[in-house]
Amino acid sequence: MNDSELQQLRAEVADLAARRDIHQALNNYMRGQDRLLPPTQRLAFHPDAWVDCGLFAGPAAEFIDFAQGFLAACDASQHLIGQVSITLDGRKAKGEVYFIAHHRITENGEKKDLFVAGRYHDEYEDRGQGWKIARRKEIVDWARTDAAADAFLKDQPALHLAARGELG
């Protein structure tokens, strides 16, 4: 392998490692939300990160408190990551991340399912402690609320139903 090929291989490995680490930040964000684990969600952000989700715009630390409060009021939630497009530029990157979020809520005493689908427009940076989110803007593409329909769960008492927290 000549020097040029070795440099190309190093660049490709660095690119793959950056994408892996950014994806881990995305996973920390989602898992921290769903399991109500603020320390895990904080791992996704740089300390001075900024988040704008429409309902809240401000420092990531304050956003996490806001999101954790909203999600704690839900019976359950699940956020799924879809397509992820990342453009790297040295120690900075931009990304668009598709998501769909399911929230079990209680409205006027009735169980309902709130679905929200959208995209995160992110800026990531590697400041020496790994790749993390520096800025995030949430764009909502659609949402809907339906009456809960999960009789299947009631008919299957042997299922292992989720709980919140680290082991949930």
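Me: Which residue in the turn of the hairpin formed by β5 and β6 has a positive phi of about 105 degrees?
Reply: This is a predicted model, in which local features need pLDDT of at least 70 and side-chain atom pairs count only at pLDDT 80 or more, while totals for chains, interfaces and linings use all residues. Residues are numbered from 1 along each chain as its sequence is written, and side-chain values use heavy atoms, with hydrogens and water left out. Strands are DSSP runs of E with at least two residues, helices are runs of H or I with at least four, and both are numbered from the N terminus. Between β5 and β6 there are 4 residues, and the one in this turn with a positive phi of about 105 degrees is Gly128.

Me: Over how many bridges do β5 and β6 pair?
Reply: Two strands are said to pair if DSSP finds at least two bridges between them. One bridge here joins Ala117 to its partner in β6, Trp142. The pairing of β5 and β6 runs in the antiparallel sense, and its number of bridges is 15.

Me: In β5, which residue is the bridge partner of His103?
Reply: β4 and β5 pair in the antiparallel sense over 16 bridges. These strands form a hairpin with 2 residues between them. In β5, the residue bridged to His103 is Leu114.

Me: Is Asn108 buried or exposed?
Reply: Asn108 lies in the loop between β4 and β5, and its phi, near 55 degrees, is a positive value in a residue other than glycine. A residue counts as buried under 20% relative accessible area, as exposed over 50%, and as partly exposed in between, using a 1.4 Å probe and protein chains only. With a relative accessible area of 77%, Asn108 is therefore exposed.

Me: Which element supplies the largest share of the largest nonpolar core?
Reply: A nonpolar core is a set of buried Ala, Val, Leu, Ile, Met, Phe, Trp, Tyr and Cys residues joined through side-chain atoms within 4.5 Å. The largest one has 29 residues, and those with the most contacts inside it are Tyr29, Phe45, Phe63 and Tyr124. At least two residues each come from α1 (3-34), β1 (45-52), α3 (60-72), β4 (92-107), β5 (110-126) and β6 (131-147). The largest share, 6 residues, comes from α1.

Me: How far apart are the end C-alpha atoms of α1?
Reply: The expected span of a helix is 1.5 Å times one less than its number of residues. For the 32 residues of α1 this gives 46 Å, which agrees with the separation of its end C-alpha atoms, 47 Å.

Me: Which aromatic residue of the core is also among the buried residues of α1?
Reply: The buried residues of α1 include Ala18, Ile22, Ala25 and Leu26, together with Tyr29. Contact means heavy atoms within 4.5 Å, and, not counting residues up to four places away in sequence, Tyr29 touches Gln41, Ala44, Phe45, Phe63, Tyr120 and Arg136. The residue that is listed both as buried in α1 and as having the most contacts inside the core, with others, is Tyr29.

Me: Which residue's side chain makes a polar contact with the side chain of Ser77?
Reply: Ser77 is found in strand β3 (residues 76-89), and with a relative accessible area of 9% it is buried. A polar contact is a pair of N or O atoms within 3.5 Å; within protein, one must be able to donate a hydrogen and the other to accept it, and residues adjacent in sequence count only if both atoms are side-chain atoms. At 2.8 Å, the side chain of Ser77 makes such a contact with the side chain of Asp34.

Me: How many disulfides does the structure hold?
Reply: A disulfide is a pair of cysteine sulfur atoms within 2.5 Å. The sulfur of Cys53 is 13 Å from the closest cysteine sulfur, in Cys74, and therefore too far for a bond. Cys53 counts as buried at 13% relative accessibility, and Cys74 is buried too, with a relative accessible area of 6%. The number of disulfides is 0.

Me: What is the relative accessible area of Glu125?
Reply: Glu125 has its place in strand β5. Leaving aside neighbours within four places in sequence, Glu125 is in contact with residues including His46, Arg91, Lys92 and Trp131. Glu125 is buried, with a relative accessible area of 17%.
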